[in-house]
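Student: Could you take me on a close look at the empty spaces in this protein? I would like to know what lines them, and how far I can trust the model there.

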Amino acid sequence: MKTRSKIAKALLCVLIILITCGVQLALTKQTGIQNKSEDMRPPLFDTPSYVEIKSGDTLTASLKANRSCNIGSLSVVMVNTDSEGKGTIEFVLKNSEGAEEWTTVADEAAITVGEWYEIGSPVTYIEEGKEYILTIMANDCNPYFIKTQIDATNRSLPFEEQIYAANANPEDSAGTNQSAGSLVPLSTGISLGTSVVSDKPLTYGDVFYYSHVITILIGAAALLLIIFGYEKCIAAVKNIHASELIMKTGNDIFLVVLFIVLCLSIYINGYLEGINISADSAGYLREAANMAAGYGFNYDGLAGYKGSWFANWPILYPAMIALIMKITGLEVYAASKILSMILVGILLVILRIAYKKEAWFYALFMTNLGLMYLYWYSWSELPFILFMVLFAFSLADVVSDGSAPLETGGVSDKTSGISGKTVEASGKRVTLKNYILLGVSAFLCFLTRYFGMFTYFVIGFYILVLAIIAIRDEKTIKTVFNKKIISLVVTAGVSGIMCVAYLLNNKLQNGMPSGVSRSMWWDDYQSLTNDLVKSLFAEVFNLFHLEVPQYITNLSYGKSVLILFLIGIMLAIFIAKNCKHFTRESVLITTAVIYYVMFTVIRYFSSMDTFYYRFFAPATFLFTLGIAGLLIKYIRDTKIYVYLLAGMILYLMIFAVGDYTEHVAKNTLPYYDIVKMSWDEDYAEIPENSVVIFSTLDYRSLYYRSDVVEGTIDPSDTMESLRGRYYGSSQMCILSSDAAAMREADIYDASINEAIDANLDMSKKYLVIGF
């Protein structure tokens, strides 16, 4: 019987192997439907400008094949189309001999503004080195293409693109290469893409993703079951002790994988497929470039101006970027992305130290969508969050050291310090190091954002609470609390004096403590309040890495306020029921609430950007850390804990890492490099150490040419006054068109008019006048 059983198992194993091989072979078979194809599309600018086609006009594109291949349907991105429009857009492709390859017509109503649209052209074989002419005619509509950077476009497509200006006589441009050559060439590309059709037909394995791997795994599992039997296989799986393994190593695996995912996210969204530079970002980066070059606080030092004191924002963030520049040798924007990755890593390490094996649960809240945006931008909020966490943890260590009597509402019977160790209520006392860390972290919050001074109000709040408790207990005030209160007052005083000294120095150097006047200008308070409500809603959905759904944004103001009020009530009840006084969770939540309240009040009395994630995300992160500390006790000893941890690890490893690595594997020209090409073109005629009058340069490039400053001219100026005002510049540059308009207006001083007359060349983009 044993022999027969072994023979049967062997035959079954052979059968499984044959079936697996057969399935693998079947997956390699052609579907007979179509060949493989790959979409090729140029990268589009996030602040686009347009190539216009008016009704009746024709845009001509010369497409010179850089390799022989089959191209499939063309695709376009257009704006200024009407979903109910009756117009059409006609596309005609002609070969190098002028013969028509195909004609296709797209309805205006079928094109969604700003989205790629396939125009349904047939597969066409193009030969390397040959030139093809595509003409695009607008009939009863006015569609625009988005401009693209020509070098990046030609790297992305199987042909080199040359666009010629639209004209009202399509017969002049339809025909051969010679007719195209007579038109006016543009220096940009357009939002025109295509697909390249492979000679290799599509297989079933291509259609069903991962089918090869899955069938091999199923075959291997079937072989194991046949050879060893069901019971032995199940016993072997049980002996793995998956739960214990996850509990032992899952935390650190999750943190490492999360760090990789966040770094990839920063690289892809902030460099490879986009750039995130606001006006503030450009200011930080310009100052960092000047610091790295040895000009210290001189914001325009590289441009030759020695008195340009950097005071609009605190110095620490650009100083950190400059340090990365010096260490790595990278240019300033890339250095800011590396800094973001380092700060994310440090924050994860702090959570690991503070929460030990449970750090993964708290780190989940680092995927808050608002925080992700902060990671991608070059803003000081990321180091600010890091120092806020250190501040809250160190303050919790000070107020929850076990010295507060339980009967007076002090600490609970057990609390956790930053070391993560459990401390008995009568145990370890705070030391000088705790107060030093508290004062330093508060000062560092200030050095990254002026609003960081709110930390001293948090300390003041706890001093007041401790004083009230002490007054209610005469024995306590003579022993413990008076020492703690005095220590906190000294800590806040010394640290706060350093902040005031910094602001006074700004006042001496710049004329204003924070660089610019932050007094009130006119605000629409109704709109501001609406923005506040929308921003708070966004904070709720950002926690789950979600955008606010449309049906929520469409709610009336009254309903929105009611929902937020109910959410607030539920959170307040949960916190009141679960949070004990002077614990780390209570300090985190209290710090966040004070932040929310203070920032909201200040915004109503001081004009700046309206409410949005950038302002509230730092406090939201502290708040969610506190809530996480209250939630985890409900799942710590349950199977939910293990399942959630295992699920998060699998999600990060399979989906998040897989999705990001797919983006990296595209091997396209980084979007940042594309934008730099555009800036190089914009600055091509601007010499070093120039002042650009009436500048139309991309504000994001303010740091890119740190040797250039922006300026103005008014009718009261003379060449002499301009030389004095722009003493650091060697010459001034004015758009030739602006200079011609200035001369025509004839309202400027004779010395300026003479300089314009002597140097104006309308064939050049800029007029350059030497000082």
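Tutor: Happy to! A cavity here is a set of grid points where a 1.4 Å probe fits but cannot get out, and its lining residues have an atom within 4 Å of a point. Rolling a probe the size of a water molecule over the atoms shows where empty space is left. Please keep in mind that this is a predicted model.

Searching the whole structure turns up two cavities of 30 Å³ or more. Let's start with the second largest, which has a volume of about 40 Å³. Its lining is made up of Leu63, Ala65, Ile71, Leu93, Ile126, Tyr132 and Phe159. By class, that lining holds seven nonpolar residues, no polar and no charged ones.

The largest cavity holds about 60 Å³ of space, and its lining has a mixed make-up: seven nonpolar, one polar and four charged residues. Among the residues that line this cavity are Arg286, Tyr683, Asp698, Arg705, Val709 and Glu710.

Two of those names lead us to a sheet, since strand 18 covers residues 709–711 and Val709 and Glu710 both line the largest cavity. The sheet is open, with four strands in the order 18-17-19-20 and mixed pairing. Strand 18 and strand 20 (766–770) are its edges, each pairing on one side only, and the twist averages 30° from one strand to the next. Further along the sheet, strand 19 (residues 731–735) runs antiparallel to strand 20, and five bridges join them; methionine 732 stands opposite isoleucine 769 there. Helix 27 (residues 736–745) lies across strand 19 and strand 20, at about 85° to strand 19.

Now for the open space. The largest pocket contains about 970 Å³. It is lined by 29 residues, and Val540, Leu543, Ile567, Leu571 and Phe623 are the closest to its centre. Helices 19 (525–542), 21 (557–578), 22 (584–605) and 23 (613–635) each give at least two residues to this lining, with helix 21 supplying the largest share, seven residues. Sorted by class, the pocket lining has 21 nonpolar, seven polar and one charged residues.

As for trust, pLDDT averages 86 over the protein, and 90% of the residues score at least 70. Confidence peaks in helix 10 (residues 316–328) at 98 and is lowest in strand 16 (residues 422–424), with a mean of 35. Two stretches to treat with care are residues 168–181, where pLDDT stays under 50, and residues 402–427, where pLDDT also stays under 50. Where pLDDT is low, the predicted coordinates should not be read in detail.

Conventions:
Residues are numbered from 1 along each chain as its sequence is written. This is a predicted model: local features need pLDDT of at least 70, side-chain atom pairs count only at pLDDT 80 or more; totals for chains, interfaces and linings use all residues. Side-chain values use heavy atoms; hydrogens and water are left out. On a 1 Å grid over the protein atoms alone, a cavity is a set of points where a 1.4 Å probe fits but cannot get out, and a pocket is an open set with protein on both sides within 12 Å along at least five of seven lines; lining residues have an atom within 4 Å of a point. Grid points are joined across faces, edges and corners, and a volume is the space filled by probe spheres set on the points. Ala, Val, Leu, Ile, Met, Phe, Trp, Tyr, Cys and Pro count as nonpolar, Asp, Glu, Lys and Arg as charged, and the others, Gly among them, as polar. Two strands pair if DSSP finds at least two bridges between them. Axes are lines fitted to C-alpha atoms, for helices over the stretch in contact, and angles run from 0 to 180 degrees between N-to-C directions. Contact means heavy atoms within 4.5 Å. pLDDT is the predictor's confidence in each residue, from 0 to 100.
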